[in-house]
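These are my notebook entries on one structure. I set out to look up how its chains meet and how selected side chains are placed.

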Amino acid sequence: MTQKVAYTNARLLDPASGTDAQGGVLTIDETIADVGRLFVDGVPDDCRVVDCAGNCLAPGLIDMMAALGEPGREHKETIATGTRAAAAGGITTVIASPDTRPIMDEIALVEFLARQAQKSGVVRVLPAATITRGMAGQEMTEMGLLAEAGAALFTDGYRSITNAQVLRRALSYASTFDALIAHHTEVPELVGDGVMNDSETATRLGLGGIPAAAETIMLERDLRIAELTGGRYHAASISTAASVDAVRRAKDKGLRVTCGVAPYHFSLNENEVGHYKTFAKVSPPLRSETDREAIVAGLADGTIDVIASHHRPEDPEAKRLPFAQAAYGAVGLETSFLIGLELHHKGQVPLLDLLARYTVGPADILSLPQGRLARGAPADLVIFNPDTPARIDAAAFQSKAKNTPFDQRPIQGEVLRTVVAGAAVFEVA
Amino acid sequence: MTSSAATPFPHRHLLGIEHLSPDEITALLDLSDTYVDLNRRPEKKLARLRGRTQINLFFETSTRTKTSFELAGKRLGADVINMSVEGSAIKKGETLIDTAMTLNAMQPDAMVIRHSDSGAADLLSQKVNGSVINAGDGSHAHPTQALLDALTIRRRLGHLHGLTVAICGDILHSRVARSNIQLLGKMGALVRVVAPPTLLPVAVERLGVEVHHDMVSGLRNADIVMMLRLQSERMKGAFVPSIREYFRYYGLDRDKLAHAKPDALIMHPGPMNRGVEIDTEVADDINRSVIREQVEMGVAVRMACLDALVHQTIERPAKVATP
């Protein structure tokens, strides 16, 4: 029995085709069957109708980096809670970060995660595997076999591979399978005992500083190695103006490099740390206002390809500590897109371009068929109203963890319905 | 005594200098002066904090600060409990917050905290009902040290405004330096920091100080030379190459001191590393060194802070001192 759903009265937003027009979408089972000026003469009888009432309809969002807690950290998040959070945030595909316990460096683990996701996930979950065994930065994992088992990309999470030869060989070897290496770029020795941006604020608070150069030096090195090897390189999360420049120059040279940012890096600056607010302790750290502005500019001009939530759930015990001892990270699945909409409302990034960073941007990097409103593409959709005034409420999060720096932030925008493979997985009551 | 009436002191906690106005600082110092006099009398006990409970919670070892706070509380009539990390639940993995909540349930009126992490006192203050006094948190702040330094200077030189103060040594890791920079700056002194670049925090000039990398220019015509302790683990190649090289360029000896004003005062928050940051001969010069005086002022300043915080007002000194 085929399921046909007609999404009518929508403002269709499809960055892949540059579409911003009134229309509708027809899905048959798990696939988009038609897009455009549909149902002008009414909806066929065999279709269920979802009246979008003039709201925006876009491809479901793809999140290139989120920790889902399984295996090993189920007290912080599970696939069930994490994917419900994703659905509430309009996200239909999540790349699960591999810094699990045990670490995602074995085929059996990748397969395990994929099975778990089938069982308890409400959105698509694609495992990422590590670049090196145990994320120790020394020996390569079986990237070919892991990719075959379903690993969507390779990353050592929030650890940088300091040994340039290891990264060189990883990039070089991964190119055999056209696999993507996503790298956290920080020189650990320059991070040292730093816990926030190295600046006047850190000096006043008596906190160790992480210089912007700690990131950019590693990134510049990586870009040279990418040039040397021809491998596909993705800087997972950049935070500084110099890093945006470095990526921009590398792209101008024609290198196969891309980069991503986390929402807090374009919406917050280091002042958010205030008086030791540990929810503002993230990696890389919140930077200066100048850096934040450069990140916005990088998103606007396309230097930055991807916005990823960098969802890192933490229990209260890991955050209710003196700043230096507190865990890094913020949850972000439910807020990633809503915070991104601020850039549209401020007129800094047009809505279609903004959506591209959440949809076709990551889809193209990962060679995924979703992330676009096209015939034959998976029926992964998000319906949202970009203008609804609201306030972020951490207490209402689907995620097990509530560690967000955005709690009670006034926002404009609301996700109304999230559809995965033709079925609604989130709906505003 | 300059203050003649009660000054409101609308602060529940003393976490740093940044929340204090110059008038409040002056009032605290005036009150401290009264307590210096009291402390020099044979009968030292007042009833200002009778019936109140003070807990000293020291996560870092300290002899003089803990003793100083203990004496301060006792001389005001408070019941004082000392808790140090040795033998406490912290060793068993209890967090700072858990400890704070437990102690808070015992209804202390004041908690004095020292901790190796910046922000620990702020964190504690969010969780307890009584007053929190920061007795040093990481590299962040040590407000009572800055107040006692200011009191020492004011009693010797009569004022703070317009003085040139050179703070020398490990500024990077020093909470004493940060609090002194703020307090002296607020009171109109010119503050210089003198250190190799490896021992200066980034953007330190934004705190309103003059930055010097050599002692000759840094000490020139200074009224006060304030030396900081350099911890030994930081001298073995990490921040400076060796003790002898550090002492050669940044240790305070007669030759370097000659560039300061002829009657310049020498200060040190203690404990001193003789032969590392300060020459013994200079440290013990009774005409110049006020290092022991600083310790005496410490008790009086802490009495004034406890008194002001618990009563949220600074009484006319004459009234307070009458037994």
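I count two residues as in contact when their heavy atoms lie within 4.5 Å. I note at the outset that this is a predicted model.

**Entry 1: the interface**

I looked up how many residues take part where the chains meet. On that cut-off, 22 residues of chain B are in contact with 16 residues of chain A. For the area, I found that chain B and chain A bury about 1,600 Å² between them, with 55% of this on carbon and sulfur atoms. On the chain B side, the greatest losses of area to chain A fall on B:Asp117, B:Ser118 and B:Val202, which together make up 28% of what that side buries.

I then turned to polar features. Eight residue pairs are in polar contact between chain B and chain A, both residues being at pLDDT 80 or more. The rule finds one salt bridge across this interface. I identified the side chains as those of A:Glu200 and B:Arg206, at 3.1 Å from N to O. Helix 3 (96–104) and helix 4 (120–125) of chain B each supply at least two residues of the side that touches chain A. I sorted that side of chain B by class and obtained eight nonpolar, seven polar and seven charged residues.

**Entry 2: A:Arg417**

I located A:Arg417 in strand 17 (residues 410–420) of chain A. Is A:Arg417 buried or exposed? I record A:Arg417 as buried, because its relative accessible area is 14% and the cut-off for buried is under 20%. Its side chain joins that of A:Glu427 in a polar contact of 2.9 Å. Leaving aside residues up to four places away in sequence, I found that A:Arg417 touches several residues, among them A:Val50, A:Leu381, A:Ile383 and A:Phe426.

**Entry 3: helix 8 of chain A**

I checked the length of helix 8 (residues 241–252) of chain A. Its twelve residues should span 16 Å at 1.5 Å a residue, and the end C-alpha atoms are 17 Å apart, which agrees. I listed its buried residues as A:Ala241, A:Ser243, A:Val244, A:Ala246, A:Val247 and A:Ala250. These buried residues pack against helix 7 (212–229), strand 14 (257–261) and helix 10 (289–301) of chain A. After helix 8 of chain A comes A:Gly254, with a positive phi near 90°.

**Entry 4: salt bridges within the chains**

I obtained a count of 37 salt bridges over all chains. One that I examined joins A:Arg287 and A:Glu215, with the closest N and O atoms 4.0 Å apart. A:Arg287 lies in the loop between helix 9 (263–267) and helix 10 of chain A and A:Glu215 in helix 7, so the pair ties together parts that are 72 residues apart in sequence. Both A:Arg287 and A:Glu215 are buried.

In chain B, I found a salt bridge between the side chains of B:Asp30 and B:Arg154, at 2.9 Å from N to O. B:Asp30 belongs to helix 1 (residues 22–39) and B:Arg154 to helix 5 (residues 143–157), so this pair ties together parts that are 124 residues apart in sequence. I noted B:Asp30 as buried at 3% relative accessibility, and B:Arg154 as buried at 16%.

I also looked up B:Asp284 and B:Arg274, which form a salt bridge with the closest N and O atoms 3.0 Å apart. The pair ties together parts that are ten residues apart in sequence. B:Asp284 is partly exposed at 35% relative accessible area, and B:Arg274 is partly exposed at 42%. Finally, I traced one network in which salt bridges that share partners join B:Asp30, B:Asp33, B:Arg154 and B:Arg155.

Definitions and conventions: Residues numbered from 1 in each chain as written. Chains lettered and ligands numbered in written order. Predicted model: local features only at pLDDT ≥ 70, side-chain atom pairs only at ≥ 80, totals over all residues. Heavy atoms only, no water. Buried area = accessible area lost by both parts, 1.4 Å probe. Polar contact = N/O pair within 3.5 Å; in protein donor to acceptor, adjacent residues only side chain to side chain. Helix = DSSP H or I, 4+ residues; strand = E, 2+ residues; numbered from the N terminus. Nonpolar A, V, L, I, M, F, W, Y, C, P; charged D, E, K, R; others polar. Buried < 20%, exposed > 50% of the residue type's maximum accessible area, 1.4 Å probe, protein only. Expected span 1.5 Å × (residues − 1).
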